[in-house]
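Open the model in your viewer and keep the selection panel at hand. The stops below go one by one, each with something to select and a note on what is found there.

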Amino acid sequence: MRRAVRVALIFEREHLVGVSGGKRNGLRQQVVLSGVGGQGILFLSRLLAEAAIACGFPVLTSETHGMAQRGGVVVSHLKVGGFDSPLVRTGRADLLLVLKEENVALHREFLADGGDLIVNAPIRPDAGSGVRVHAVDGDALALSAGVPHAVNLILLGYAFARIGGGEAGGFFCAAGEIRDALSRRHGGSGSRLAASLSALDLGIAHGTW
Amino acid sequence: MSDLILMQGNDAIARGLVAAGCAVAASYPGTPASEILSSIDRWRKKCGATMHVEWAVNEKVALEIAYTAAIAGLRAAVSMKQVGLNVASDPFLSAAYLGVTGGFLVVSADDPGPHSSQTEQDSRLLAMMAKVPVLDPASPAQAMSLAGTGFDLSEAFGVPVMLRPTTRVCHASQDVDAPPFLPSVREARFVKDPARWAATPLFRRKLHDRLAEKIEAIASWPATAPIRVNPGGSPAKAVVASGVAFSHARELFGELGISDRIALYQVTQPYPLHAAFIDHLLETYAEILVLEESAPVIEMQIADRRRVRGRMTGAVPGTGELLPEIVERLLSRFAGLPVQGRTLSTGGGRGRRPTLCPGCAHRSSFYAIRKAAPAGIFPSDIGCYTLGINLGAVDTVLCMGAAVSQAAGFDYANRLSGKQVDIVATIGDSTFYHAGIPPLIDAVVQGARFVLVILDNGTTAMTGNQPTPGSGIGAGGEITAAIDMEGLVRACGVSFCRTANPDRLPEFVALLKEALVHSRERGVAVVIARQPCAMVAFAAGGRDPGAIAITAECNGCRHCVDRFECPSLVFDEAANRVRIDEMTCTGCGVCVHVCPTGAIRSA
Ligand code: SF4
Ligand code: SF4
């Protein structure tokens, strides 16, 4: 018996590697981003993750790689707040952002009841009941603005306009914090930063009544 | 402003290695491990460390280079995916016997799922077979800290150590508090000891005994002992988990509110499992559930079958990824809670299949191959071009380099049945250097009859565009010697070796026909299809949307969509014709040659 007690002392230590607490204690948000290769899903999730860190939240993301980069489906999971697992379970996402309309059928089930679906589509798709659907024709906007590769930021801007963000609720951060994250990414100035910011603003403008 | 930075698991592993004074790092790219080496190079530059960093020709060579640095007393690491460890298994098993003097870490990234791999194999089993201790991180942050622990363990016992992350660690990102870089002050000093470093079978026997002793000692090394993360109380049940399955379990323990009822242990060193931990488990708990990916490595070391449940007992699914939905179901059942009705993500199908990028020259090569050899057999290999399967120009994919040996094998088999069928094998440039050369030599000597098309886009595209021995650049962008592919092919004894641009479709089809004639009469013919990867050209700004137009002559026959499958050719069902997707079209113009009615034009 004495041996068992000694052994127990070795293994019953507190765990050292783990999750730290967030600034806005208690905030937990799960987001799923879905699209196809080349649309900038991974860029979008990193941008959001960096904004989360700047706001003082612990963050976990999980990406799919490999074959999916060749035009196949790309999904990214983003969990802001005190989580351990990098994956979002079905029925748990607060927000689903879809850059390719056909993916709505694939990833709709990640959304929690009462969650928000933001989708790049010319007409509002049918996503069943129990969720709020916000649709915008991001491709058409991007083409007419001459920024075909900024659909991701247009959708993000639109999402911010529709559901809000920051202390007031909605997104874990405010749109301004995304602007800051973009600015850090692009070294504070330059034509690429300007193009990214205007894509974001274009989306915001289209989501605001 | 905090010091936390967002790091991908692979980036975190690289930071952990460089911070712990790794001096030599080598790798061959493979998903999900590919980003490790490029990150090592980035961190090396950032901290100004003197290191040797290289993309090796294959995993065996990479392991041998890093291992040698470690027997010269430096800290060294090699990284690869699990399938790459198969290629490197020969030196890996021997290195365990001979041991090391400097710390040596073998990073082998597994892919439960599998998301982008041929197999779901568990590298930890190979570590067990080799008698090499293995560390199993549960998150990017932990992977980073275990890189340093791994070096310490390796040096404490003079053995190689395996760090085994999985896709969900490698490609997860997290806010991480990065450790400072330790200035490395070691000098390479190889101490000659032929009895050890060139050991004959007699000594190997003794080395094996010594290795067994080391493993026994490592099974009580405090720094890697399992830890109960929810101490207190004396529950009758315990969950023992490792890797990302532990992360899922820890989160679910909170959500399900079962922390006071069940003990949760994290195992970071699944092999050798701490001996005292096994005793403790069996003395303390009536029921034990083991969660690990992919093989039952921990489970099989806990001997009492009546009390232990896991993959071996069928309580946990025997294959596939342990998704959090599955862990939720297992934990609920184990805790006696009602199992939630939520079903697993069925995804309503898998969505659109991946396809070669718009503007990818492989598409031209495959289209031409089917034109030139409509009744042919098409062995292929591992890379983006595996997607030629959609175009009907890839019939087999086995493992790195097998396109060449399988082409020869098909010819021998046909020959035995008195048949001759056209065989056109495809292999990428990186794969050719990796494992295509020995089988090519063999095929020439045996007089095999086939055409080998080397798809030379100057890069390892599939894994994120790492350089190849032909590209003349190194891991850090420095200029290196470049291998002359044509000269190499000729030196293998191939008499027909011609190079052409596959995007010039009609000429390329004619060249393939010529090569086929040669192969039927005189043996192996090699055609090098040379055109840079479209992603590389794309990044350099090479895109000309609006260059291609569909004329009114399009009759909706679908030939271009079904046989050429360029994602920028979109079939408009309502109008029964094709249109160009300007969001993605690169303007390469190859499709102009594909439409039988001439409805695709350069605008
Ligand atoms: S990454 Fe390069 S080689 Fe791979 S499919 Fe795209 S263009 Fe082709
Ligand atoms: S573009 Fe040509 S090949 Fe394609 S559907 Fe129209 S007619 Fe057929």
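**Stop 1: ligand 1**

Sorted by class, the residues around ligand 1 comprise eight nonpolar, two polar and one charged. The model is a predicted one. Select ligand 1 and show its surroundings: the ligand lies between chains A and B. From chain A, show R70(A). Then add the chain B residues of the shell: L356(B), C357(B), C360(B), H362(B), C384(B), N457(B), A461(B), C533(B), A534(B) and M535(B).

**Stop 2: ligand 2**

Where does ligand 2 sit? Select ligand 2 and turn on the cavities; its place is in the second largest cavity. Around ligand 2, show the run C554(B), N555(B), G556(B), C557(B), R558(B), H559(B) and C560(B), then V578(B), then C595(B), P596(B), T597(B) and I600(B). This shell divides into seven nonpolar, four polar and one charged residues.

Stay here and pick R558(B), one of the residues surrounding ligand 2. R558(B) is not a glycine, yet its phi is positive, near 75 degrees. In the chain, R558(B) belongs to the loop between β20 (548-550) and α20 (559-564) of chain B.

**Stop 3: two helices in chain B**

Select residues 89-98 of chain B, helix α5, together with residues 123-130 of chain B, helix α6. Packed helices are described by the angle and the distance between their axes. Here the axes come within 9 Å and cross at roughly 45 degrees. The two helices α5(B) and α6(B) are therefore oblique to each other.

Now show side chains at the contact. On the α5(B) side are S89(B), F92(B), L93(B) and A96(B); they meet L126(B), A127(B), M129(B) and A130(B) of α6(B). By class, the residues of this contact are seven nonpolar, one polar and no charged.

**Stop 4: two cis peptide bonds**

Go to T31(B) and P32(B), where the peptide bond is cis, with omega near 10 degrees. P32(B) is in the loop between β2 (24-27) and α2 (35-47) of chain B.

Finally, select Y271(B) and P272(B), which are joined by a cis peptide bond with omega of about -10 degrees. The loop that holds P272(B) runs between β11 (262-266) and α12 (275-284) of chain B.

Notes
Residues numbered from 1 in each chain as written. Chains lettered and ligands numbered in written order. Predicted model: local features only at pLDDT ≥ 70, side-chain atom pairs only at ≥ 80, totals over all residues. Heavy atoms only, no water. Near = heavy atom within 4 Å. 1 Å grid on protein atoms, 1.4 Å probe; cavity = no way out; pocket = protein on both sides within 12 Å on 5 of 7 lines; lining within 4 Å. Sits in = over half its atoms within 2 Å of the grid points. Nonpolar A, V, L, I, M, F, W, Y, C, P; charged D, E, K, R; others polar. Axes fitted to C-alpha atoms, helices over the stretch in contact; angles between N-to-C directions. Helix = DSSP H or I, 4+ residues; strand = E, 2+ residues; numbered from the N terminus. Parallel < 35°, antiparallel > 145°, perpendicular 65-115°, else oblique. Contact = heavy atoms within 4.5 Å.
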